[in-house]
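Visitor: I would like to go through this model with some plain questions. Please show me the sequence and structure before we start.

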Amino acid sequence: MAYIAGIDVGNNTTEVAVAQLDPGGEITVVASSIVRTVGIKGTLSNARGVIEALDRALAPLGIPRKELGMILLNEATPVIGDVAMETITETVITESAMIGHNPATPGGRGLGVGVTIRLDRLDEAAPGVQYIVIVPGETDFRDAAARISGAMSSGVEIAGAIIRKDDAVLINNRLHRPIPIVDEVSHIDRVPVGMPAAVEVAGPGKTIDKLSNPYDIATLFNLDPEETKKVVPIARALMGTRSAVVIKTPHGDIEERRIPAGKILLVGELRKAEAAIAEGAEAIMAKVAGISPLVEIHAEPGTNVGGMFEQVRKVMADLTDQPAGTIRVRDILAVDTLKPQQVLGSLAGEYSLGNAVGLAAMVETHKLPMQRLARKLEEELMVPSCVGGVEADMAIRGALTTPGTKAPMAILDLGGGSTDASVITEDGKVSSIHLAGAGDMVTLLIDTELGLEDRDLAEKIKCYPLAKVETLFHMRHEDGSVQFFNEPLDPRLFGRVVVLAESGPIPLHTKEQPARIAAVRREAKKKVFVRNGLRALERVAPAGNIRLIHFVVLVGGSALDFEIPKMISDALVEYGVVTGRANVRGTEGPRNAVATGLVLAYAELQR
Ligand code: ADP
Ligand code: MG
C-alpha cells in the first residue's frame, strides 16, 4: 500500500491531498491540509510552503515524509494575476484653498464670509469690510478673545475665525456676539491673508450645507462657470464635515499638475482596439469583450495607466527572474471605483473622493517552472516528484467528487489572483480559461474605497459581516437585528463599528457607518466576481452560449465567501444555470479540488 500526495500551489494557498493507493489502483484520500503559499506561484521559494503543508497533512497519519511514494504538482498556466489602482480624475485646485474637518468642538454656528486678516493686524482693519480672523498657534485664548472683542466694540466687522488650537469654544464664550470658528487647523501658517474666505460651522450632529455645494461656493465668491468647475472637488471633499473653510487664493498660487489617465491598446487575435481609461470601466470592458480573445494589452507610456503597466511588469519580472520586456499582459479586468485623494491646497490634510479605475492584470511570464519546483522537492524530500496534471483539468476532476455532480458541467475557480472556468463534456474533454481579477481585487477595492491603507483589515471586512456596538451589552448587526450580551463587551468596542471575525469582534477606526461599509463590500464583490464569472463562462461555453451550460460548481477560496456564491448564482439563474458550491469528496467544501484531482488522475493511470 503506497501513499501519494497531490499538491496545488496557488497564488494564495497551497493545498495538499494525501491518498492511499492500493495495488489495484483503488484510491482513498486520507488527509488534506492548507497553508499560505510561500513566495510567488511557480518559483522555488514555494518549496517551503509545500513542505509545511505536507507535514501538516502527514502528522495525524503518523507517516514520515520519506514513505510517500509520489508527489504530484499542478501544472499551472504561466499566468499570474496582479492588481493596481489608477486615478482617472485628478483633483486639481488652482484658485482656492480649503479646510474641511471635524474638530471635536468648533465654535458658534452658521456661515461667515469676509477677508482673512491676522489677529495682530486687526487695528489695520478698514471700516465697512467683513473680516475672518486668523489666530496663530501661540496665542492664548484669553488674549485672542480680548482682541476680537475689542475690535468688535470699536466697529470692526468680524464674521468668523480660523484658529490653530482647540480653543473655539473657549474664545466664543468670551465674545459678546458668537461667530463661527473653525479650530484645530494644523497648517494655520499656510492660510493666506487678505483673501476672501468663508467659514461654516454646523450644529452638533449636523453637517455643513453651504460650502459642500459648488453653487453656494460660486455664489459666495462670485465665480464664473469655469471657476465653479474647479471648486467641485473642494465641495465634494467638504461633504459630511461639521466645519469648513474655503479661501479664494490668487490665480496660480497653488500649482496645477495633471497627468493624463492614458489609453490602452487591446490586441486581439483578429482585431485591435483602443480604450481610454477616462471612459470608465464599462466602456473598457465592452471593448475587451468586443475583441476577445485577447492576445496582449499595451498601455500608453507617460500616462497613469502606462506607469501602472510598467509597475506590474516590473514586479512580475523581478519575481520570475525574467526581463521586463518579455512579460506580456494577457487580460485585464477594469472596475470603476472611488479613491480618496489628497486635495491639493488643503490645509488640514483633507481628502476628496475621486473617480478611479481599478485594474487587475493577468500577466504571462515565459513559463512557470513547476518542473523545477518538482526537482527541488525530490532533492529535499527524497521522494519522487513530478508535475501531475494541468490545473484546470485537475480542478474539474476534483470538483466532480462533489456528491450529486456529473459531466457535462462547468466549474468556476474563484481564487485570489484569477477567476478560472473549465467545462467538461460528457466524453471527458476539458477546456478552460484564466481571467484577471478575483479575491485580491475585491480586497484592493475595499481598501481603496474606504481609504483604509490596510490590506489585512480590508481582507477581514471582505470575509465577515459587520455590526455596531451600541452599548456594552448589545450590538446591532448590519441586517438590523440586535444581539444582547449577559457579560459586558470589551469597553474598547463601545460605539464602534466592528467586523465579526471568527476570533471575535475587531473594531474599525472609521467614521463610516456599517451600511456604507457593507455597500462598498458588496459592490466590490459584484463588480469583480459577477462580471468575471459571466466573462469566464462565456469563453468556455459551447458556442459561447452560457445557456448551454446547465450546472456550475464553484471552487476556490472565494467560493467560501458569505456573499459571492449567491451573487453569482443570482446572475446565472437568468441563463437557466444551476449554481452551487462544491463539496470536494463530500467533506472539503470548495477547497482541495486541484489537489484531489491530482491524486485521482494518478490512480487512474495506475489501473
Ligand atoms: P489560489 O488558488 O490563487 O491560491 P484560493 O483558492 O486559495 O486562491 O483563494 C484565495 C482567495 O480566497 C483570497 O482572495 C481570499 O481572500 C479568499 N478567501 C479565503 N477564505 C475566504 C472566506 N472565508 N471568505 C471569503 N473569501 C475567502
Ligand atoms: Mg487555485
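## Cysteines, cores, a helix and a ligand

Visitor: What is the relative accessible area of Cys463?

Guide: This is a predicted model: local features need pLDDT of at least 70, side-chain atom pairs count only at pLDDT 80 or more, and totals for chains, interfaces and linings use all residues. Residues are numbered from 1 along each chain as its sequence is written, chains are lettered from A and ligands numbered from 1 in written order, and side-chain values use heavy atoms, without hydrogens or water. Cys463 is partly exposed, the class between buried (under 20% relative accessible area) and exposed (over 50%), with a 1.4 Å probe and protein chains only. Its relative accessible area is 32%.

Visitor: How many disulfides are there?

Guide: A disulfide is a covalent bond between the sulfur atoms of two cysteines. Here the test is a pair of cysteine sulfur atoms within 2.5 Å. By this rule the count is zero.

Visitor: Which helix gives the largest share of the largest nonpolar core?

Guide: A nonpolar core is a set of buried Ala, Val, Leu, Ile, Met, Phe, Trp, Tyr and Cys residues joined through side-chain atoms within 4.5 Å. The largest has 76 residues, with Leu537 and Val552 among those with the most contacts inside it. Helices are DSSP runs (H or I, at least four residues), numbered from the N terminus. The largest share of this core, 11 residues, comes from residues 514–540, helix α12.

Visitor: Between which two domains does this core lie?

Guide: Domain bounds come from an automatic or database assignment. Both domains give residues to the core, so it lies between domain 2 (81–89 + 258–364) and domain 4 (451–510).

Visitor: Why is helix α9 largely enclosed by the rest of the structure?

Guide: Helix α9 covers residues 391–399. Glu391, Met394 and Ile396 are among its buried residues. The helix is largely enclosed because the buried residues number seven of the nine.

Visitor: Which side chain has an N or O atom 2.4 Å from an oxygen atom of ligand 1?

Guide: There are 17 residues around ligand 1, and Asn12, Thr13, Glu459, Lys462 and Gly557 come nearest; a residue counts if one of its heavy atoms lies within 4 Å. A backbone N or O atom of Asn11 lies 3.2 Å from a ligand oxygen atom. In the side chain of Lys462, an N or O atom is 2.6 Å from one. The side chain with the 2.4 Å distance is that of Thr13.

Key:
Helix = DSSP H or I, 4+ residues; strand = E, 2+ residues; numbered from the N terminus. Polar contact = N/O pair within 3.5 Å; in protein donor to acceptor, adjacent residues only side chain to side chain.
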